[in-house]
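User: Could you take a close look at how the helices pack against one another in this model? I would enjoy one connected walk through the contacts, with whatever lies beside them.

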Amino acid sequence: MKTVLVTGAGGFIGHHLVNFLVGRGYWVRGVDLKDPEYAATAAHEFIRGDLRLHDTCQAVTQGMEEVYHLAADMGGIGFISGSHAEITLNNTLISAHMAKAARDRGVGRFLFSSSACIYPTNLQTSPDVTPLSEDMAWPAFPEEGYGLEKIYMEKLCQYMTEDWRIPTRVVRFHNVYGPLGTYKGGREKAPAAICRKVALCPDGGEVEVWGDGLQTRSFMYIDDCVEGLFRLMQSEYSAPLNLGTDEMISINELVDIAAEISGKRVTKRHDTSKPQGVRGRNSDNTLIRQVLGWEPRIMIREGLVPTYRWIEGELARSQDEGVLAAAE
Ligand code: NAD
Ligand code: GDD
């Protein structure tokens, strides 16, 4: 069996990826600061460890043929715009130590999870933004902190291949959503946050939306995300590649879709004092179609249904538990 390490295996994408890889017959080791929050891991071995530390990275890469490096201090725009120093420092330590461990342990392939946050913010100032193609990344003007570490690490992957002959893969995720993703607590991204707000809203009530809601994004469902990760790892393509849909929608439309799924009538209350990030963002999928002969295909109307139902179920469950705890 091929041995694979998934860092960040206690997180949203990592947890789903572990399931996918185990299902494909890989021997999987997961590592994270924490266990997966909402379901048990399928990993053959799960190590609780801090990847900011050199020795942890050396230990977990031992004997691993492929590494999917997903661990990061990460969240939606509210989180990543709120603590630049902490996030930049944590992610730099994690990624640099993982890169060194990949070299020291001679791993066969190393995949780094980058982000659409590396794209120049000055190219994303309008809701009807030109879709971002891979060659638009430089000259760089990434999102502060989080985006800066990602683009630095993209370059390090290139150097690792050029200087050390380690095959690297770099994926630029566009906003990923789905069941088992963070939906409360401050790190949640727009799809989960909006589903939570709509689920908690009474019929005819108000939902708070950050910004004027005209800002745009493309959203990728988790099943497409893990499939794309796997396909890229198997490919021979080592330059950065977008992984997202090219279905651009406004945040107001996202709220409307969530409301439709819920069967409720809701009114939007826009709050322009909240973090908004770039004004518009979409993925140009020309290159992924050429390289992989495939692209994410699950549209938001389809993927938001299981996401909404899962969040609605979690909220109902935690309410039940709260009622039970209060009665005890
Ligand atoms: P997530 O927060 O659910 O998972 C990241 C995991 O990394 C968490 O479980 C966290 O505990 C772990 N981690 C953080 N610091 C660690 C440390 N010091 N040691 C060990 N583990 C540590 O996030 P996700 O959505 O699954 O994202 C996975 C990767 O994809 C990240 O690198 C993220 O930056 C990137 N990404 C995600 C998206 C998205 O929309 N989800 C978009 C762009 C990029
Ligand atoms: N989080 C959140 N919560 N966003 C909201 C909300 C809400 O309740 N209401 C409206 N929004 C708006 C935000 O203001 C922003 O304009 C848009 O929805 C998208 O917000 P996020 O999903 O939080 O983040 P993002 O798309 O700006 O960036 C995310 O995706 C990147 C990859 O594309 C982040 O997760 C980054 O870390 C990631 O790299």
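Analyst: Let's begin with helix H1 (residues 12-23) and helix H7 (residues 222-234), whose axes come within 10 Å and cross at roughly 65°. Please keep in mind throughout that this is a predicted model. The crossing of H1 and H7 is right-handed. On the H1 side, the contact is made by Phe12, Ile13, His16, Leu17, Phe20 and Leu21. Their partners on H7 are Ile222, Cys225, Val226, Glu227, Leu229 and Phe230. Sorted by class, the residues of this contact of H1 with H7 come out as ten nonpolar, one polar and one charged.

Now to another pair, helix H6 (residues 190-200) and helix H8 (residues 251-262). Their axes are 9 Å apart, and the two helices pack at an angle of about 45°. An angle of that kind falls outside the ranges for parallel, antiparallel and perpendicular, so H6 and H8 are oblique to each other. Here too the handedness can be given: H6 and H8 cross in a right-handed way. H6 brings Ala190, Pro191, Ile194 and Val198 to the contact, while H8 brings Ile251, Leu254, Val255, Ala258, Ala259 and Ser262. By class, that makes nine nonpolar residues, one polar residue and no charged residues in the contact of H6 with H8.

The next pair is helix H4 (residues 84-104) with helix H5 (residues 146-164). The axes of H4 and H5 come within 9 Å and cross at roughly 15°. Angles under 35 degrees count as roughly parallel, and H4 and H5 are therefore roughly parallel to each other. H4 passes H5 in a right-handed crossing. From H4, the residues that meet H5 are Ile87, Thr88, Asn91, Thr92, Ser95, Ala99, Ala102 and Arg103. From H5, the residues that meet H4 are Tyr146, Glu149, Met153, Leu156, Met160 and Trp164. This contact of H4 with H5 holds eight nonpolar, four polar and two charged residues.

H5 deserves a little longer, as it also takes part in a pocket. The second largest pocket has a volume of about 160 Å³. It is lined by 13 residues, and the closest to its centre are Glu154, Gln158, Ser238, Ala239 and Pro240. Two elements, H5 and strand E6 (168-173), give two or more residues to this lining. H5 gives the most, with six residues. The lining of the second largest pocket divides into five nonpolar, four polar and four charged residues.

The loops on either side of H5 have backbone details that you may like to look at. In the loop between strand E5 (109-115) and H5 you will find proline 139. The peptide bond leading to proline 139 from tryptophan 138 is cis, with omega near 0°. Arginine 165 has its place in the loop between H5 and E6. The phi of arginine 165 is near 60°, a positive value in a residue other than glycine.

Notes
Residues are numbered from 1 along each chain as its sequence is written. Chains are lettered from A and ligands numbered from 1 in the order in which they are written. This is a predicted model: local features need pLDDT of at least 70, side-chain atom pairs count only at pLDDT 80 or more; totals for chains, interfaces and linings use all residues. Side-chain values use heavy atoms; hydrogens and water are left out. Axes are lines fitted to C-alpha atoms, for helices over the stretch in contact, and angles run from 0 to 180 degrees between N-to-C directions. Helices (H or I, at least four residues) and strands (E, at least two) are DSSP runs, numbered from the N terminus. Angles under 35 degrees count as roughly parallel, over 145 as roughly antiparallel, 65 to 115 as roughly perpendicular and the rest as oblique. A crossing is left-handed if the near helix is turned anticlockwise from the far one by less than a right angle, and right-handed if clockwise. Contact means heavy atoms within 4.5 Å. Ala, Val, Leu, Ile, Met, Phe, Trp, Tyr, Cys and Pro count as nonpolar, Asp, Glu, Lys and Arg as charged, and the others, Gly among them, as polar. On a 1 Å grid over the protein atoms alone, a cavity is a set of points where a 1.4 Å probe fits but cannot get out, and a pocket is an open set with protein on both sides within 12 Å along at least five of seven lines; lining residues have an atom within 4 Å of a point. Grid points are joined across faces, edges and corners, and a volume is the space filled by probe spheres set on the points.
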